[in-house]
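Here is a walk through one protein model, written for someone new to reading structures. Keep the 3D view open as you go.

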Number of protein chains: 2
Amino acid sequence: MERSDLVIVGGGAAGPQAAITAQRLASIEKVTVIRREPKALIPCGIPYIFGTLGSVEKNIFPDALLGNAELVIDEVTSIDRETQTLITSGGKSIGYRKLILATGSQPAMPPIPGRELDNVFTVRKDMDYLQKLQSALEGAKEVVIVGGGFIGVEVGDEIRKRGIDVTIVEMLPRCLMLNCDEEFCIRAEKKLTERGVRVITDSRVTSIAGDGKVDHIELSSGERIKADLVIIAIGVAPSTELAKSAGLGIGEQRGIRVDQFMRTDDPHIFAIGDCAERFSFFTGKPSALRLASIATSEARIACVNLFEQRRKSEGAIGVFSTVIGDMAISVAGLTEGAAKDAGFEFVTSEVMAPDRHPGSMPGVTQLQTKLVFERGTGKLLGGELCGGISTGEMGNILGSLIRSRATVEDVATLHFGTHPALTSSPITYPLVDAAEQALTKI
Amino acid sequence: MERSDLVIVGGGAAGPQAAITAQRLASIEKVTVIRREPKALIPCGIPYIFGTLGSVEKNIFPDALLGNAELVIDEVTSIDRETQTLITSGGKSIGYRKLILATGSQPAMPPIPGRELDNVFTVRKDMDYLQKLQSALEGAKEVVIVGGGFIGVEVGDEIRKRGIDVTIVEMLPRCLMLNCDEEFCIRAEKKLTERGVRVITDSRVTSIAGDGKVDHIELSSGERIKADLVIIAIGVAPSTELAKSAGLGIGEQRGIRVDQFMRTDDPHIFAIGDCAERFSFFTGKPSALRLASIATSEARIACVNLFEQRRKSEGAIGVFSTVIGDMAISVAGLTEGAAKDAGFEFVTSEVMAPDRHPGSMPGVTQLQTKLVFERGTGKLLGGELCGGISTGEMGNILGSLIRSRATVEDVATLHFGTHPALTSSPITYPLVDAAEQALTKI
């Protein structure tokens, strides 16, 4: 029987990261990665297959990054924790000293009548499946996306780039409402509309209808919308069957239960990424955040802790970005809504400034910035940005500030640099400017 | 006689920032800004006048930002500290309760024979002067830039955009050598060369020759280079005449001496920006850094301290960015060279990764990242980045990390977000990846 120092199950973001980090940091002789897919996809790139990239092949994870890890294409069907052995559907037995579960998540499928019709898809991280979706899009003229979260919005915007009619149907009053405060949702919806995407909110799809193949959907309002293809993107559920069948505990957010070192109930088994439970940096409570960047961070934490407990998770801050056309939105930490829900007392401040300077520089975008600070302590709880390309990395500045428990005074006295073609002016630099405004209220 | 609660002398970056912050934070009834120029330029935008913007008028500071501050166009010729009164060349007497000197800097002029010829310019922050330079460029075919620091490089690259032959002559072995480590200087020079700018390093201009108007320059090697226009950009000297004549002390780096609250020797007079002395965040020693972002930070510090000492300067980290063509370089804190000069023991790590993901995304740039960590403490001392548009804000992440005294472990466990069109992949995110590499050496 084969035996590895470390076996990693999963080929999404967390699995490969663990393979890379384990080889780099720990004194491990043999690392084995087991995944089902012959070729693994880059998870965040999936929406871009349908427009910008144009093919599934352009979004393949380069296995060369796995270095000397042994790659086994197979499905793990059970874990024998006593003998520390995995059994695969291919009939293999693979022993492990330490095991990392990075089994990811799968798209949630709501019980809508008609969901079994041809040309009804989810956004599954599976190459063959996405190739079928890609082919089906070739002939499509009218596409309905069920779900206006960031996957629905990105997929909708990308498909629209092919000239196809796209309608997004969202149950909540606004698209992106679980991620952003309303003023940013409104900007997102406005941009989608400008780009020719129809956005229907506050509305539920009651059925998908058609003869074998989808023909239209019906909304709770009674409205019918023609559709020759439907994509359901209402969220994901952690893939925990393997862990459950091995008797490992499951958390409140349906992920595999782990401690701050990313250890499951079994000290030889770690769980990371979408399949794992995590907690909020702010409240310590279970968090519903599922992001590739969190998955890779957890991989880095787990690897260091394989043989001794050296690195603790601080919980998830959550920094996420999305793009619609040429407009980017980035959110770090708590929105105003999330801060309210979590019971914080806070002040907010908002500024708008060109993201280059002078405002006459080509490529300039109006950058909207909103910051949320805790009243009393003055701690930065979160921020939202809507602007151009640099918005993504600005969200990462906020991530670092939140993590270092920066206060409104720290943000107002930020050490930053500026350049006409790259940033706002030093006088209107939005993070500092918003903090200065907050200082007058806190 | 007029009397103001706060008089600010200077219209560059620091002066306007002080006017804005004072109105926002302190309970000040009357703020007066005195500057020489009827229209003030945006300092960092000046190089872009010559190419991207195409006119001086597109780089004017919008005086509306000054809010309710009274704007006086005049030159302050002396300060009577006893009566707290300023005398202007226009014959005005203006009283102050508190005075902020933000008199800036002027271009250094080396004693090169021929510097008085027609069509020999510096990069002066003066609208009329730059309009003359702009007009002179209309007929120019061959321009020589003396000095390959970032102003020389930016001005050279911009003038090249007009199709003019440009040669940059730098005394040191590399362009940008005072700001970057050699590998980044090499990338900058390579990009300049690709764009058709001739770069001559390790070479001194011994004379500028011509009959009334410049015709050519001569190098220490004896080589002659034809030039119908010469721009000298070898650095700046702080403008401290007014402060000196008022008997205020001057520091080692030739700036007006200030304490951590930005107060000069006179507790009613503050000095900020290029005219002021500052100290290094890392060593506490006098620093030669002169950047608009530092100037505005100092303005924010000074304003809060006008009537009580509330905000201390932590010293200058220095975050700066520059752009050549479509390539941006950003530097935060100490380069390897600067760390060596300051006597630190350190380790460095370097990574290269696409700045979008997958690498097949349009607009992708190879992003080179180098980090410097102190040996022993593991503290981040500095970082250099060379890549695309987002490089500028990534430098600001480094600025925040350095300021929070982040260690290599903190950077390796950064809380960050990623997006295909905006950032590197979560697996190769360069700040984290470089920190992980450094962890193996520290």
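The notes below go from ground rules to domains, then to the chain contact, the core, a few helices and some unusual backbone spots.

## Ground rules

This is a predicted model, where local features need pLDDT of at least 70, side-chain atom pairs count only at pLDDT 80 or more, and totals for chains, interfaces and linings use all residues. Residues are numbered from 1 along each chain as its sequence is written, while chains are lettered from A and ligands numbered from 1 in the order in which they are written.

## Domains of chain A

Chain A splits into domain 1 (2-106 + 237-304), domain 2 (109-234) and domain 3 (327-439); domain bounds like these come from an automatic or database domain assignment. Measuring over C-alpha atoms is how the next number is worked out: the centres of domain 1 and domain 2 of chain A are 29 Å apart. Where these two touch, domain 1 of chain A brings 15 residues and domain 2 of chain A brings 16. Being "in contact" has a fixed meaning: the C-beta atoms of two residues, placed from the backbone, lie within 7 Å.

On the domain 1 side, helix α2 (residues 46-53) of chain A gives the largest share, seven residues. Helices (H or I, at least four residues) and strands (E, at least two) are DSSP runs, numbered from the N terminus. That side of domain 1 has eight nonpolar, five polar and two charged residues. For this sorting, Ala, Val, Leu, Ile, Met, Phe, Trp, Tyr, Cys and Pro count as nonpolar, Asp, Glu, Lys and Arg as charged, and the others, Gly among them, as polar.

## Where the chains meet

How many residues does each chain put into the contact? Chain A gives 70 and chain B gives 69. On the side of chain A, the elements giving two or more residues include α1 (14-25), α2 and α7 (292-304). The top contributor on that side is α9(A), with eleven residues. By type, the side of chain A divides into 34 nonpolar, 29 polar and seven charged residues.

## The core and a covered helix

The largest nonpolar core holds 299 residues, and those with the most contacts inside it are L101(A), I272(A), L101(B) and I272(B). Such a core is a set of buried Ala, Val, Leu, Ile, Met, Phe, Trp, Tyr and Cys residues joined through C-beta atoms within 7 Å. A residue is buried if 20 or more other C-beta atoms lie within 10 Å of its own, exposed if 12 or fewer, and partly exposed in between, with C-beta atoms placed from the backbone. Setting aside neighbours within four places in sequence, I272(B) has contacts that include A14(B), A18(B), M262(B) and A299(B).

Now look at helix α2 (residues 46-53) of chain B, which is mostly covered, with seven of its eight residues buried. Among the buried ones are I46(B), Y48(B) and F50(B). Their cover includes α3 (127-138) and α4 (150-160) of chain B. Right after α2(B) comes G54(B), which has a positive phi near 85°.

## Two crossing helices

The axes of α1(A) and α7(A) come within 8 Å and cross at roughly 35°. Axes are lines fitted to C-alpha atoms, for helices over the stretch in contact, and angles run from 0 to 180 degrees between N-to-C directions. This crossing is right-handed. The residues in this contact are nine nonpolar, three polar and two charged.

## Odd spots in the backbone

Most residues other than glycine have a negative phi, and most peptide bonds are trans. M262(A) is not a glycine, yet its phi is positive, about 75°. It sits in the loop between α6 (241-245) and β17 (269-271) of chain A. Is M262(A) buried or exposed? M262(A) counts as buried because 30 other C-beta atoms lie within 10 Å.

N119(B) also has a positive phi, near 70°, and N119(B) is buried, with 22 other C-beta atoms within 10 Å. As for cis peptide bonds, one joins H357(A) and P358(A), with omega about -5°. P358(A) lies in the loop between β22 (346-354) and β23 (366-374) of chain A. In chain B, the bond from H357(B) to P358(B) is cis, with omega near -5°.

Definitions and conventions. Left-handed = near helix turned anticlockwise from the far one by under 90°.
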